[in-house]
Amino acid sequence: DLVKLYLKEILYIKGQKDYVMFISRERKIMSLMNMRDLEVDLSAKGFLRIHQSFIVNTKHIEVIANDKIKVNNEYLPVSQTYKLSFKEFLLKHQ
């Protein structure tokens with residue numbers, strides 16, 4: 001089945017092996033896709049990789065605390081690998 005999901009609806013994307021789960025407020029949609037390709041395709045559209053398993057829509061970040069961010073009342077980890085690029089993003093978008 002094809003499901004229409006607008007980028008602005010996506011809160012974050014969670015990688016699960018060869019699949020990704022698109023998380024919005026209303027639903028979760030699983031698709032056979034690659035996190036690396038999504039990261040490249042979505043980076044210019046307000047999305048940022050914060051962890052091996054997470055790409056977040058930066059417009060939906062509610063709180064930034066230590067090594068976690070809050071999106072839709074869920075805390076997502078910012079891993080050591082992506083911490084520098086996350087800090088650079090924050091500096092550019094203060």
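Where is the place of K17? K17 lies in the loop between β1 and β2 (19–24). The description below concerns a predicted model, in which local features need pLDDT of at least 70, side-chain atom pairs count only at pLDDT 80 or more, and totals for chains, interfaces and linings use all residues. Residues are numbered from 1 along each chain as its sequence is written, and side-chain values use heavy atoms, with hydrogens and water left out.

**Confidence**

The protein chain has an average pLDDT (the predictor's confidence in each residue, from 0 to 100) of 94, and 99% of the residues score at least 70. Helices (H or I, at least four residues) and strands (E, at least two) are DSSP runs, numbered from the N terminus. Confidence is lowest in helix α2 (residues 80–92), with a mean of 91, and highest in strand β5 (residues 54–57), at 98. Where pLDDT is low, the predicted coordinates should not be read in detail.

**Strand pairing**

Two strands are taken to pair if DSSP finds at least two bridges between them. The pairs considered here are set out below.

| Strands | Bridges | Sense |
|---|---|---|
| β1 and β5 | 3 bridges | antiparallel |
| β4 and β5 | 4 bridges | antiparallel |
| β6 and β7 | 4 bridges | antiparallel |
| β7 and β8 | 4 bridges | antiparallel |

Strand β5 pairs with β1 and also with β4. Towards β1, V56 of β5 is the bridge partner of Y12; towards β4, N57 of β5 stands opposite F47. The link from β4 to β5 is a hairpin through 2 residues. Within β5, F54 and V56 point one way and I55 and N57 the other way, yet all are buried; buried means under 20% relative accessible area, exposed over 50%, and partly exposed in between, with a 1.4 Å probe and protein chains only.

Strand β7 (residues 68–71) likewise has two partners, β6 (residues 61–65) and β8 (residues 74–77). On the β6 side, A65 has K68 as its bridge partner, and I64 stands opposite I69. β6 and β7 form a hairpin with 2 residues between them, and N66 in the turn has a positive phi of about 50°. On the β8 side, V71 has E74 as its bridge partner. The hairpin of β7 and β8 also has 2 residues between the strands, and there N72 takes a positive phi near 55°.

**Pockets**

Rolling a probe the size of a water molecule over the atoms shows where empty space is left. The search uses a 1 Å grid over the protein atoms alone: a cavity is a set of points where a 1.4 Å probe fits but cannot get out, whereas a pocket is an open set with protein on both sides within 12 Å along at least five of seven lines, and lining residues have an atom within 4 Å of a point. Grid points are joined across faces, edges and corners, and a volume is the space filled by probe spheres set on the points.

The largest pocket has a volume of about 250 Å³. Its lining comprises 14 residues, and I10, F22, S31, M33 and L38 lie nearest the centre. β3 (28–32) and α1 (35–42) each supply at least two residues of this lining, and α1 gives the most, with 4 residues. By class, the lining divides into 10 nonpolar, 2 polar and 2 charged residues; Ala, Val, Leu, Ile, Met, Phe, Trp, Tyr, Cys and Pro count as nonpolar, Asp, Glu, Lys and Arg as charged, and the others, Gly among them, as polar.

The second largest pocket holds about 200 Å³ of space. Its lining divides into 2 nonpolar, 5 polar and 4 charged residues. β1 (10–16) and α1 each supply at least two of them. Among the lining residues are K17, M33, R49 and Q52.

**K17 and R49 in the second largest pocket**

Is K17 buried or exposed? K17 is exposed, with a relative accessible area of 85%. The C-alpha atoms of K17 and L32 are separated by 9.3 Å, the two residues being 15 apart along the chain.

R49, in strand β4 (residues 47–51), is buried, with a relative accessible area of 10%. The side chains of R49 and E39 are joined by a polar contact of 3.1 Å. A polar contact is a pair of N or O atoms within 3.5 Å; within protein, one must be able to donate a hydrogen and the other to accept it, and residues adjacent in sequence count only if both atoms are side-chain atoms. The R49 side chain also reaches the backbone oxygen of Q52, at 2.6 Å.
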